[in-house]
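Here is a short briefing for a reader who is new to this structure. Look over the sequence and the model before reading on.

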Amino acid sequence: MARTREFDEDEVLDAALQTFRRKGYEATTLPDLLEATGLARQSLYNAFGGKREIFLGSLRRYAAAEHDKMAAILQSLPIREAIAAIFESVLRGAERECGCFLVNAASELLPRDPEVGRVVASAMARQEKSLAGALRRAVRKGQLRLPPRRIEQTARFLLGVLQGLVVMTKAMPGSHAARDAAEMAIRAIE
């Protein structure tokens, strides 16, 4: 008879995620993961398969959570306020030394890990789709004047600025450069 798991997989993935965010994939050891998750070696292997699989599971979980946060903001606020709130969350997050897990994973592991590339590309495509949907809604509501052919381009521009802000806040803490870039991007959609 199979034993039932005595742990919550989401909690384990969240604990592993924090370890990977803090140390990076390569520097995180199996003992680090065992300590962070509280699992025994065999339980970790049985549930997830190993370090790489728990990393990918954590990355997917992070991507879904970040997308859900973005989508909620885009649904609840007028477009300019929503974009400003999303950018502000990145700027406020600059105080966290870990940065964005997607950007960290891409920076550390691409192009040599195609699976990480697929997860990151899929996450960015979902973000772009949410941004484009919000821009379309804003045009329909009269909050924004944007020709239909420019909606996807504008969504890609905003996504690029968003990802750039993540890197700028981490690389240049205390600088006003990221805030200036965010303000210019918001003005560009007025």
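The expected span of a helix is 1.5 Å times one less than its number of residues. That rule is applied below to one helix of this predicted model.

**Overall picture**

- The protein chain has nine helices and zero strands.
- Along the sequence, the pattern reads α-α-α-α-α-α-α-α-α.
- The C-alpha atoms fill a box of roughly 60 × 40 × 30 Å, taken along the principal axes.
- The protein chain holds 190 residues, and 43% of them are buried.
- Take the contacts between residues at least 6 apart in sequence: 69% of these join residues at least 24 apart.
- The protein chain exposes about 10,700 Å². Carbon and sulfur atoms supply 52% of that area.

**Helix α9: length and sides**

- Helix α9 covers residues 177–188, which is 12 residues. At 1.5 Å a residue, α9 should span 16 Å. Its end C-alpha atoms lie 17 Å apart, which agrees with the expected span.
- Which residues of α9 are buried? They are A178, A182, A185 and I186.
- These residues cover an arc of only 100 degrees around the axis, so they sit on the same side of α9.
- M184 and A188 are on the other side of α9, and they are exposed.
- What do the buried residues of α9 pack against? Their partners are α5 (79–92) and α8 (148–171).

**Aromatic pairs**

- How many aromatic pairs does a search of the whole structure find? The search finds five.
- One of the pairs is F20 with F55, and this pair is edge-to-face. The centres are 4.9 Å apart, with 85 degrees between the planes.
- F20 belongs to helix α1 and F55 to helix α4 (residues 51–76). The two are 35 residues apart, so the pair links distant parts of the chain.
- F20 and F55 are both buried.
- Y62 and F101 also form a pair. Their ring centres are 5.7 Å apart and their planes stand at 90 degrees, so this pair is edge-to-face. The cut-off for edge-to-face is over 60 degrees.
- Y62 lies in helix α4, while F101 lies in helix α6 (residues 101–109). The pair therefore ties together parts that are 39 residues apart in sequence.
- Y62 and F101 are both buried.
- Ring pairs link F20, Y25, F55, Y62 and F101 into a cluster.
- Y25 has a charged partner too: the charged end of K51 sits over the ring of Y25, 4.4 Å from its centre.

**T28, in a loop**

- Where is T28 found? T28 is in the loop between α1 (9–23) and α2 (30–37).
- T28 has a relative accessible area of 1%, so T28 is buried. The cut-off for buried is under 20%.
- Leaving aside residues up to four places away in sequence, T28 touches T19, F20, K23, L33 and K51.
- Two of these names appear above: F20 pairs with F55, and K51 sits over the ring of Y25.

**G133, in a helix**

- G133 is found in helix α7 (residues 114–141).
- Is G133 buried or exposed? G133 counts as buried, because its relative accessibility is 17%.
- G133 and L74 are 59 residues apart in sequence. In space, they are 8.8 Å apart, C-alpha to C-alpha.

Technical notes. Residues are numbered from 1 along each chain as its sequence is written. This is a predicted model: local features need pLDDT of at least 70, side-chain atom pairs count only at pLDDT 80 or more; totals for chains, interfaces and linings use all residues. Side-chain values use heavy atoms; hydrogens and water are left out. Helices (H or I, at least four residues) and strands (E, at least two) are DSSP runs, numbered from the N terminus. Buried means under 20% relative accessible area, exposed over 50%, partly exposed in between (1.4 Å probe, protein chains only). Contact means heavy atoms within 4.5 Å. The arc is that of the directions from the helix axis to the C-beta atoms. Rings of Phe, Tyr and Trp (its six-membered ring) pair if their centres lie within 6.5 Å; planes under 30 degrees apart count as stacked, over 60 as edge-to-face and the rest as tilted. A charge sits over a ring if NZ of Lys or CZ of Arg is within 6 Å of the ring centre and within 35 degrees of the ring normal. Accessible areas come from the Shrake-Rupley method with a 1.4 Å probe; for residues, only the protein chains shown count as cover.
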